[in-house]
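Q: Could you teach me how to read a helix, a cavity and a pocket in a model like this one?

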Amino acid sequence: MTIFSTFSPSVRANLAILFAAGLCFWSGLAGLLPTLPLFIETLGGSGQQIGIVMASFAIGLLVARPALARLADTRGRKLVMIIGLIAVALAPFGYLLVQMLPHLQFPISLGAWRLTVDGSILALIAIRAFHGLSIAAFVVAYSALVVDLAPPANRGELIGYMTLVNPLGLALGPALGGFLYEASGFRVAFLVMGILGFLGLFLVLRLEEPYRPGAGQAKTADTAFWSQLWSGRVRTPAMILLLVGLAFGTLSTFVPLYVREAGLALNVGLIYAASAVASFTSRLVVGRASDRYGRGRFITASLLIYSLAMGIFWLANSAPLFLLAGVIQGFGAGTLIPMIAALMGDRSSPADRGRTFGLAMVGFDVGIALAGPVFGTIADALSYRGIFGLAGVMTLTGLLIFITASSKDLPHSLRFALGQGRDIYAVDGWQGQATPE
């Protein structure tokens, strides 16, 4: 980690504050993963309703993403991180309030069609959508600020180190949340996750942001957000993240229920912890290597590894297999997410960095949104095991798309995906040390 010695003391202090705030954010967010589906079930939620509530997280993501991405470019990254931490701090308290409300059901008749609407489920959907603001805000602003601070030649390395907050949070949060739930129930577990969000907010308030938007940034950010989604530099990363989002949404929503369906006495938090440890390990190595050898080969490898993990989840029938699948999924995610972040950093300038990150992440948002209700419905009809096999098909499809469409045409895409060609969409001249075309 010698790169940190090249920074001034003030920059190192900012990076330390940023890292600590990110750790609080991800721990507070991920701490609900092993408990929230079970909490929804205690309120009478079916598999489909659990999927809908969990996927409502993506409603907040999709609605808020354009405005927050523009805000990060026009008003700075710090303000947007504050918004994200407020959401992650308040949402756990909102879930607990639903438990205290009277359980009301409203029959609705539309001709011959009758539907019973559950008031508690509707309230959970609204709070979960608000919770989605957290990632829409924090992740884009955090990633953009790290890229702002990183020298182009060491961009992958710094992103790899600074995104360690994700696996650390995904290791500590679910383990802590699962332990608190088993020891004291939902209330204590949710309260602690909210407190972590407030601690992160306190830290970010102390952050000195180096990025100062100017007139040029404001003018660029006013350009239509969605019109850029199908541009060459964004289209394929967004499609890949859509398919990976389907797999991740399945993993984050249905693993607790799948483990129970398999009849295993396994703390689900351990699966997330195993994934996080593997993700941590891969990030220590891959970011720096990608600065030397290019991003393409590492994105290709990560999608292959992710597909293998989903296949093992599909076949898992014992605690060791579930943990092995978590480890392999962690290696895949720990490689893919920093590489996509570095790739979008290569393909953007400070004036449109927030928008570019936001556009690429839209695919991930949609994937999470679809995974819950679609795969939840399939799970009700078949089983939770089957939806993990479908998730593996999705990530394999992402691999094929990247290999064939990561650049302007098939030959360029193949060379870039295999680490034998440069990224033609990079805007700052950085190309790594991949073999020139």
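Q: What span is expected for helix α6, and what span does it reach?

A: Helices (H or I, at least four residues) are DSSP runs, numbered from the N terminus. The expected span is 1.5 Å times one less than the number of residues. Helix α6 (residues 119-131) has 13 residues and reaches 18 Å from its first C-alpha to its last, close to the 18 Å expected. This is a predicted model, where local features need pLDDT of at least 70, side-chain atom pairs count only at pLDDT 80 or more, and totals for chains, interfaces and linings use all residues. Residues are numbered from 1 along each chain as its sequence is written, and side-chain values use heavy atoms, leaving out hydrogens and water.

Q: Which residues of α6 are buried?

A: Buried means under 20% relative accessible area (1.4 Å probe, protein chains only). In α6, S120, I121, L124, I127, R128, A129 and H131 are buried.

Q: How many cavities of 30 Å³ or more are there?

A: On a 1 Å grid over the protein atoms alone, a cavity is a set of points where a 1.4 Å probe fits but cannot get out; lining residues have an atom within 4 Å of a point. A volume is the space filled by probe spheres set on the points, which are joined across faces, edges and corners. There are two such cavities, and the largest holds about 840 Å³. Its lining has 48 residues, with W26, I135, N166, F248 and F364 closest to the centre.

Q: What is the volume of the largest pocket?

A: A pocket is an open set with protein on both sides within 12 Å along at least five of seven lines. The largest pocket has about 210 Å³. Among its 13 lining residues, P34, L38, L266, N267 and V268 lie nearest the centre.

Notes:
Helices (H or I, at least four residues) and strands (E, at least two) are DSSP runs, numbered from the N terminus. Buried means under 20% relative accessible area, exposed over 50%, partly exposed in between (1.4 Å probe, protein chains only).
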